[in-house]
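Student: Please take one part of this model, its interior, and go through it closely for me, from the packing of side chains to the space left between them. I would like one connected account rather than a list.

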Amino acid sequence: MVQQERAFRTRHVVLEAAAQVFAEHGYATARIADILKVAGVTKGALYFHFDSKEALAKGVLELQTDQRLPPQETRLQEVVDITMTVAHRLPVDVVLRAGARLSADPVGREHYGSAWSLWADMLTGLLAQAHRNGELMAHAQPREIAELIVGAFNGVQLYSHLENNLVDVEHRVSVLMNHLMPSIAAPAILLRLDMAPDRGAQVFRKANLPEATVA
């Protein structure tokens, strides 16, 4: 049991280090030597868990949708909460920043995939439930909406990143949600949605999760 816990901690440390290096340098120029230096582990310890840089990138991407947010009265509010919470965490969470950069790399993603499909799958499930619950307008298609949210979110966060290093990303994502939801939400549900810029921070605190720190 102790050995398993040690292996789990080592794997986590390696993935955090890989995320930091990928976020700073991108996939192509990231080096295993840099990841080892940040992680403070031996080459053998790293290769015990990940046999290549590609495997490390896949491991970082698999962490992207690890969401443990409190359930809400409506599934549509949960969709908003996921989106706003990611916006809240993005400036300080190196794993999310790495996922955004890796997923947007047109060359690298051919080797290790992308988190975009994982996010779209998660949101599609919630939106399908919302549709069955009568929370969406009749014309709304869950998969189309999920992919629209993922695509629009990535465009917004990239714009915010390039313009002012994500300082206003929560505001910009709130604007996105406030313009998108009226086109898909049933009127009675729309009136109850909280899409304020600080929604992600509020939900994250209620989830009792530790705040990440800037790497």
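## A close look at the interior

Tutor: A useful place to enter the interior is Met 181, which, once its neighbours within four places in sequence are set aside, is in contact with Leu 76, Val 79, Val 80, Leu 190, Leu 193 and Met 195. The model is a predicted one, and what follows should be read with that in mind. Met 181 is also named among the residues with the most contacts inside the largest nonpolar core, together with Phe 22, Leu 56, Val 60, Leu 76 and Met 177, in a core that has 63 residues. At least two residues of this core come from each of α1 (2-29), α2 (32-39), α4 (53-62), α5, α6, α8, α9 and α10 (169-180), and the greatest contribution, 9 residues, is that of α1. As a general background to such a grouping, nonpolar side chains in soluble globular proteins tend to be buried together.

Leu 76 leads from Met 181 to a second buried position, since Ile 184 is likewise in contact with Leu 76, and also with Glu 135, Leu 136, Met 137, Ala 140 and Ile 145, again leaving aside neighbours within four places in sequence. Ile 184 sits in the loop between α10 and α11 (187-190), and because its relative accessible area is 6%, under the 20% limit, Ile 184 counts as buried. For a sense of scale, the C-alpha atoms of Ile 184 and Arg 109 are 31 Å apart in space, with their positions 75 residues apart in sequence.

The helix α5 deserves separate attention, because 15 of its 15 residues are buried, so that α5 is largely enclosed by the rest of the structure. Its end C-alpha atoms are 21 Å apart, in agreement with the 21 Å that 15 residues should span at 1.5 Å a residue. A comparable check on α8 gives 24 Å from the first C-alpha to the last for 17 residues, close to the expected 24 Å. Within α8, the residues Trp 119, Ala 120, Leu 123, Thr 124, Leu 126, Leu 127 and Ala 130 are buried, and the elements that cover them include α5, α6 and α9. Ala 128, also in helix α8, is instead partly exposed, because its relative accessible area is 21% and thus over the 20% limit for burial. The C-alpha of Ala 128 lies 9.0 Å from that of Arg 75, although the two residues are 53 apart along the chain. After α8 comes Gly 134, with a positive phi near 80°.

The next matter is the space left between these helices. Rolling a probe the size of a water molecule over the atoms shows where empty space is left. The structure holds 1 cavity of 30 Å³ or more, and the volume of the largest cavity is about 220 Å³. It is lined by 18 residues, of which Val 86, Trp 119, Val 150, Phe 153 and Asn 154 are the closest to its centre. The elements giving two or more residues to this lining are α5 (75-89), α6 (94-103), α8 (116-132) and α9 (142-164), with the largest share, 5 residues, coming from α9. The lining divides into 12 nonpolar and 6 polar residues, with no charged residues.

An open space can be set beside that enclosed one. The second largest pocket has a volume of about 320 Å³, and its lining of 14 residues places Arg 97, Ala 100, Arg 101, Gln 157 and His 161 nearest its centre. Here the elements that give two or more residues are α6 and α9. By class, this pocket lining has 8 nonpolar, 3 polar and 3 charged residues.

Beyond α9 the backbone offers a last detail. Most residues other than glycine have a negative phi. Asn 165, in the loop between α9 and α10, has a positive phi of about 60° although it is not a glycine, and Leu 166, which lies in the loop between α9 and α10, has a positive phi near 70°. In accessibility the pair divides: Asn 165 counts as exposed because its relative accessibility is 56%, whereas Leu 166, at a relative accessible area of 6%, is buried.

Methods. Residues are numbered from 1 along each chain as its sequence is written. Side-chain values use heavy atoms; hydrogens and water are left out. On a 1 Å grid over the protein atoms alone, a cavity is a set of points where a 1.4 Å probe fits but cannot get out, and a pocket is an open set with protein on both sides within 12 Å along at least five of seven lines; lining residues have an atom within 4 Å of a point. Grid points are joined across faces, edges and corners, and a volume is the space filled by probe spheres set on the points. Helices (H or I, at least four residues) and strands (E, at least two) are DSSP runs, numbered from the N terminus. Ala, Val, Leu, Ile, Met, Phe, Trp, Tyr, Cys and Pro count as nonpolar, Asp, Glu, Lys and Arg as charged, and the others, Gly among them, as polar. The expected span of a helix is 1.5 Å times one less than its number of residues. Buried means under 20% relative accessible area, exposed over 50%, partly exposed in between (1.4 Å probe, protein chains only). Contact means heavy atoms within 4.5 Å. A nonpolar core is a set of buried Ala, Val, Leu, Ile, Met, Phe, Trp, Tyr and Cys residues joined through side-chain atoms within 4.5 Å.
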